[in-house]
Structures are given as C-alpha cells and as structure tokens.
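Visitor: I've got a few minutes before my gel finishes. Could you walk me through this one?

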Amino acid sequence: MASHLLNNAILITGGAGFIGSNFISYFLGKYPKTNVINLDKLTYAGDIKNTAELAKNPNYTFVEGDICDTELVKNLFHEHTISGVINFAAESHVDNSISSPKQFIKTNIEGTFTLLEVARKFWNGKNYRFHHISTDEVYGSLGIDGFFTEKSSYQPNSPYSASKASSDFLVRSYHHTYGMNVVTSNCSNNYGPKQHDEKLIPTIIKSAIKGLKIPIYGNGKNVRDWLFVEDHCKGIDVIYSHGVAGETYLLGGNNEFDNLTIANKICEILDKKVPSNKGSYKNQIEFVEDRLGHDFRYAIDASKIKAELGWKSLESFQSGLEKTVDWYLKKYQSK
Ligand SMILES: NC(=O)c1ccc[n+]([C@@H]2O[C@H](COP(=O)([O-])OP(=O)(O)OC[C@H]3O[C@@H](n4cnc5c(N)ncnc54)[C@H](O)[C@@H]3O)[C@@H](O)[C@H]2O)c1
C-alpha cells in the first residue's frame with residue numbers, strides 16, 4: 001500500500017513556501033484523513049498566511065523549525081509515526097545564492113542530509129518513502145535546441161543549482177547505499193498563487209501595477225519552461241504515491257517562453273483587467289544588468305512521467321497566467 005494511505009503522518013518540509021503550501025492544500029484536499037506535519041523555518045521566503053486556511057484542520061500540524069536541527073527532526077519522528085517525507089524546504093532564489101551562497105549550502109545540502117539521516121535511522125529498513133523536490137537547473141543550460149531528460153548529465157552553474165545537485169546526489173546515495181525508498185523530482189519553473197514577490201512573475205505584476213519599472217535581465221531572451229503550480233502538485237502526488245524507488249522524474253509544462261515575452265503577456269492581461277491612464281504597462285519594461293552566469297535556456301522532456309505514471313500538465317499557459325494575475329491583483333490591491 002502506498003505510504004500516504006497508511007493512517008500515519010507525512011512530514012512535509014518548507015510547507016509555508018510557494019510550492020509546499022500549494023501542495024499541502026492539494027494533498028489534504030485529496031487525502032483528508034492523512035496527517036500532515038509541516039516543518040518550516042519561516043525564513044523571509046516562508047509565510048504562515050500561505051497555509052492560513054488549514055489552521056483549524058485537525059490533521060494539520062505546523063512546526064516552526066530548521067531542517068538542519070537534528071534534535072528537532074528526531075523529536076518529530078519520536079512524537080509522530082512518520083511514514084513519508086516530502087522535502088520542499090530550500091533556499092530557492094538564484095540571485096541570493098550569487099550574493100550570499102552560504103545559507104544555500106547549509107539548508108539545501110546539510111538540511112537534506114539531516115532529514116535523510118534521521119529518517120534512515122528511525123525507519124530502520126521499513127519501506128517508507130522519502131521524496132526530494134528538486135529543479136531542472138541542476139542540468140545546466142541548453143542552447144536553442146534540445147530538452148533535459150532524466151539521462152541528462154548534471155552541470156549546475158549557480159551556487160543554488162550546485163547545492164540542489166549536491167542534495168540530489170545525497171538522496172540518490174541513500175537509495176544505493178542503504179536501500180532507502182527515495183524518489184527525486186526535478187521540475188521546471190513554477191508559477192501561480194503564493195509565490196514570493198522576489199521571483200520573476202510576481203515582480204512583473206507588482207512593478208506594473210505600482211507604476212514602477214519592470215526589470216528584465218540582459219536582453220530578455222533567456223528561456224524557461226513554465227509549469228502551473230497545481231499541475232506540479234498533482235505530479236508530486238503521483239510520484240510520491242506510485243513512483244519507483246530510486247528513480248528520478250522530470251516535470252515540465254511545455255510552455256517555453258523568454259522573459260521578455262512573459263513580461264509582455266502579463267502586461268497585455270493587465271492592460272485588459274486594470275487599464276492604466278498612462279497607456280500600456282509594456283512602456284514600463286526596462287532591461288537591467290544581466291544576472292551573473294545567467295543560464296540561457298531550460299526545457300523539459302516529460303515523456304517518462306507521462307508514459308510511466310500517466311501525469312501531464314493540464315493548465316494552459318494563458319489561463320494559468322490569468323489566474324495568477326488575478327491572485328496577485330487581489331493581494332497587491334488590498335494593501
Ligand atoms: N519555484 C520554482 O519554480 C521551483 C522549480 C523547481 C524546483 N523548485 C524547488 O521546490 C522547492 C520549493 O520551492 P519554492 O519555490 O516553494 O521555495 P520558497 O522559497 O517559496 O519556499 C521555501 C520554504 O522553505 C522554508 N525553509 C527555508 N530554509 C529552511 C530550513 N532550513 N528549514 C526549514 N524550512 C526552511 C522557507 O521558510 C520557505 O517556506 C525547493 O526545493 C526548490 O528548489 C522550485
């Protein structure tokens with residue numbers, strides 16, 4: 001039986017962040033009898049309001065704390081019968097990893113190690129699942145052609161992607177060395193409600209409606225593949241529940257756009273929804289100095305998860321972007 005169906009608890013780390021909070025809502029909606037423990041340090045990137053609707057759910061427990069804190073993690077395993085871990089907790093912003101890499105090494109590598117080590121000792125050979133959430137950035141940068149697959153070689157270029165790559169390797173080693181039931185998923189850029197303002201899409205929306213310049217790195221030609229966060233959550237559920245131990249799964253939305261196109265699309269949506277008397281929001285777009293070592297393009301071939309686990313992204317980019325813009329308009333206009 002899949003471990004989430006046991007009447008035990010699942011430890012979700014980083015559940016006050018963007019993807020983790022969307023995932024907990026999705027997961028508890030689908031499996032209301034599961035006990036979820038959300039361990040989150042509430043760094044600048046975490047927001048307790050992201051899970052506000054769960055506060056009265058008796059099957060949901062929030063614990064403020066650090067995944068690097070071995071004693072705390074051990075206590076959680078002592079107090080609850082944890083039969084699954086999904087590790088979202090991470091320092092996640094590439095720009096911060098360029099200016100201050102140390103915390104990325106601490107949380108992303110040492111934190112993952114701490115979780116693996118405590119789980120290994122407590123589970124003691126039991127076939128419980130450890131699902132590690134990672135990124136397509138570990139594969140480095142593509143040219144104008146080609147896609148990342150599960151067989152692509154790791155070539156991380158930023159301290160962020162290098163720290164995520166290191167954690168992926170640790171997870172892999174716990175399967176090969178100790179036989180732990182691990183899966184890793186590497187996903188393309190997510191978009192949707194509850195993302196921190198520092199990331200590209202919220203920055204574009206916020207800058208536009210506040211009448212500020214909309215900053216776009218370099219010439220705006222860097223390409224990312226975008227996946228609506230709810231589609232990612234469904235994919236994580238499928239991998240956590242049915243993925244093969246020791247395997248990696250790539251998830252992407254087949255929505256490849258360069259940053260300038262994203263900015264233009266958002267401005268077009270805003271021009272319709274909240275027209276400005278100064279003309280199109282596109283007039284606020286400005287190119288700024290490029291990110292150091294900026295990867296040119298990421299793109300995902302998600303054939304494996306489609307063929308083996310029957311997942312595919314369902315949200316169209318236009319409708320996902322409209323939903324996203326609506327959510328941020330509500331947030332920024334209520335302030
Ligand atoms: N956002 C994306 O587009 C994307 C794409 C692919 C993969 N990922 C991966 O998905 C995961 C979640 O990303 P996100 O965008 O939701 O990130 P986020 O920055 O929005 O959230 C991270 C959460 O982790 C918490 N956290 C940070 N350090 C911690 C620590 N030491 N102990 C406990 N909690 C800690 C933060 O408080 C925050 O709530 C990350 O592992 C990231 O690498 C993100």
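**Helix packing and the ligand site**

Visitor: Which way does α4 cross α5, right-handed or left-handed?

Guide: Bear in mind that this is a predicted model, where local features need pLDDT of at least 70, side-chain atom pairs count only at pLDDT 80 or more, and totals for chains, interfaces and linings use all residues. Residues are numbered from 1 along each chain as its sequence is written, and side-chain values use heavy atoms, leaving out hydrogens and water. A crossing is right-handed if the near helix is turned clockwise from the far one by less than a right angle, and left-handed if anticlockwise. For α4 passing α5, that's right-handed.

Visitor: At what angle do α4 and α5 pack?

Guide: Helix α4 covers residues 102–123 and helix α5 residues 159–178 (both DSSP runs of H or I, at least four residues, numbered from the N terminus). Their axes, lines fitted to C-alpha atoms over the stretch in contact, sit 8 Å apart. The angle between N-to-C directions, on a scale from 0 to 180 degrees, is about 15°.

Visitor: So what do we call α4 relative to α5?

Guide: Angles under 35 degrees count as roughly parallel, over 145 as roughly antiparallel, 65 to 115 as roughly perpendicular and the rest as oblique. That makes α4, relative to α5, roughly parallel.

Visitor: And which residue puts a side-chain N or O atom 3.1 Å from a nitrogen atom of the ligand?

Guide: Backbone N or O atoms come up twice: Gly 17 has one 2.9 Å from a ligand oxygen, and Ile 67 has one 3.0 Å from a ligand nitrogen. The side-chain one at 3.1 Å belongs to Thr 107.

Definitions and conventions. Helices (H or I, at least four residues) and strands (E, at least two) are DSSP runs, numbered from the N terminus. A polar contact is a pair of N or O atoms within 3.5 Å; within protein, one must be able to donate a hydrogen and the other to accept it, and residues adjacent in sequence count only if both atoms are side-chain atoms.
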